[in-house]
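Trainee: I have a model open and some questions about its contacts and strands. Can we go through them one at a time?

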Amino acid sequence: MTISTTEPDGDVRGEMVQVCIDGVMSVFQNRMRDMLDEEGIERPDPRPEEWYPLAKFRRVLVAVEENAGENALEKVGESTPRFVDWPAASESPSDGLAQLADLYDTEHRRAPGDYAFESTGETTARVVSTTPYPPTWESGLIKGTAQHFGADYARVSTTEAGDETEFEVSW
């Protein structure tokens, strides 16, 4: 995986940052709090309606991958859909994945990047990301979104190409 060293501008809502704590097993929650503290996102835990620098949150995600591995970071991403307020109700994995761009807009301000969704079949889709998030976290987010909106299981394959990351999703 390629991790960009460019610090992204913009902010992210505390609701997304809080997933670093809510989305991990209880034995890891204190470590996640320490990692957030190290980036200046200090206790008490992130407040859902407050804004935090995206660069700091991204550094926490990168630290999770460096210290705990890709699987841990993917699991944080996979947990995210359960803890955020989605822009609209969805009836299917495809509908949920189509909302990723709206979710990104709701949960971020002045932040670079976007998501583009394309249905490629009855149980397949392509999501293209230009966000500054680590692709491993995004892969988990996409898998978790498909499962949150009804898929029993989802599989995601990732292709990085410059500033874009393409995710092929099947469920």
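Trainee: Which residue does Arg-126 meet in a salt bridge?

Mentor: This is a predicted model. A salt bridge needs a side-chain nitrogen of Lys or Arg within 4 Å of a carboxyl oxygen of Asp or Glu. Here the N to O distance is 2.8 Å, and the partner of Arg-126 is Glu-118.

Trainee: Is Glu-118 buried, partly exposed or exposed?

Mentor: Buried means under 20% relative accessible area, and exposed means over 50%. Glu-118 has a relative accessible area of 41%, so the residue is partly exposed.

Trainee: Which residues share a salt-bridge network with Arg-13?

Mentor: Arg-13 has a salt bridge to Glu-15, with the closest N and O atoms 3.6 Å apart. Arg-13 also has one to Glu-49, at 2.8 Å. Through shared partners, Arg-13 is joined in one network with Glu-15, Glu-49 and Glu-107.

Trainee: How many residues apart in sequence are the parts that Arg-13 and Glu-49 tie together?

Mentor: Arg-13 belongs to strand β1 (residues 11–13). Glu-49 sits in the loop between α2 (26–38) and β2 (51–53). The pair therefore ties together parts whose separation in sequence is 36 residues.

Trainee: Is Glu-49 buried or exposed?

Mentor: Its partner Arg-13 counts as buried, at 9% relative accessibility. For Glu-49 the relative accessible area is 58%. The cut-off for exposed is over 50%, so Glu-49 is exposed.

Trainee: Which are the edge strands of the open sheet?

Mentor: Four strands form the sheet, with antiparallel pairing, in the order β4-β5-β7-β6. An edge strand here pairs on one side only. The edge strands are therefore β4 (115–121) and β6.

Trainee: Which residue of β7 is the bridge partner of Arg-155?

Mentor: Strand β6 (residues 155–161) and strand β7 (residues 164–170) are antiparallel, with seven bridges. Within this pair, Ser-157 stands opposite Glu-168. The bridge partner of Arg-155 is Ser-170.

Trainee: Which residue in the turn between β6 and β7 has a positive phi?

Mentor: The two strands form a hairpin, with two residues between them. One residue in that turn has a phi of about 65°: Gly-162.

Trainee: Which helices do the buried residues of α4 pack against?

Mentor: Helix α4 (residues 70–83) has 14 residues and spans 21 Å from first C-alpha to last, close to the expected 20 Å. Its buried residues include Leu-73, Val-76 and Pro-81. The buried residues of α4 pack against α1 (14–22), α3 (54–68) and α7 (135–148).

Key: Residues are numbered from 1 along each chain as its sequence is written. This is a predicted model: local features need pLDDT of at least 70, side-chain atom pairs count only at pLDDT 80 or more; totals for chains, interfaces and linings use all residues. Side-chain values use heavy atoms; hydrogens and water are left out. The expected span of a helix is 1.5 Å times one less than its number of residues. Buried means under 20% relative accessible area, exposed over 50%, partly exposed in between (1.4 Å probe, protein chains only). Contact means heavy atoms within 4.5 Å.
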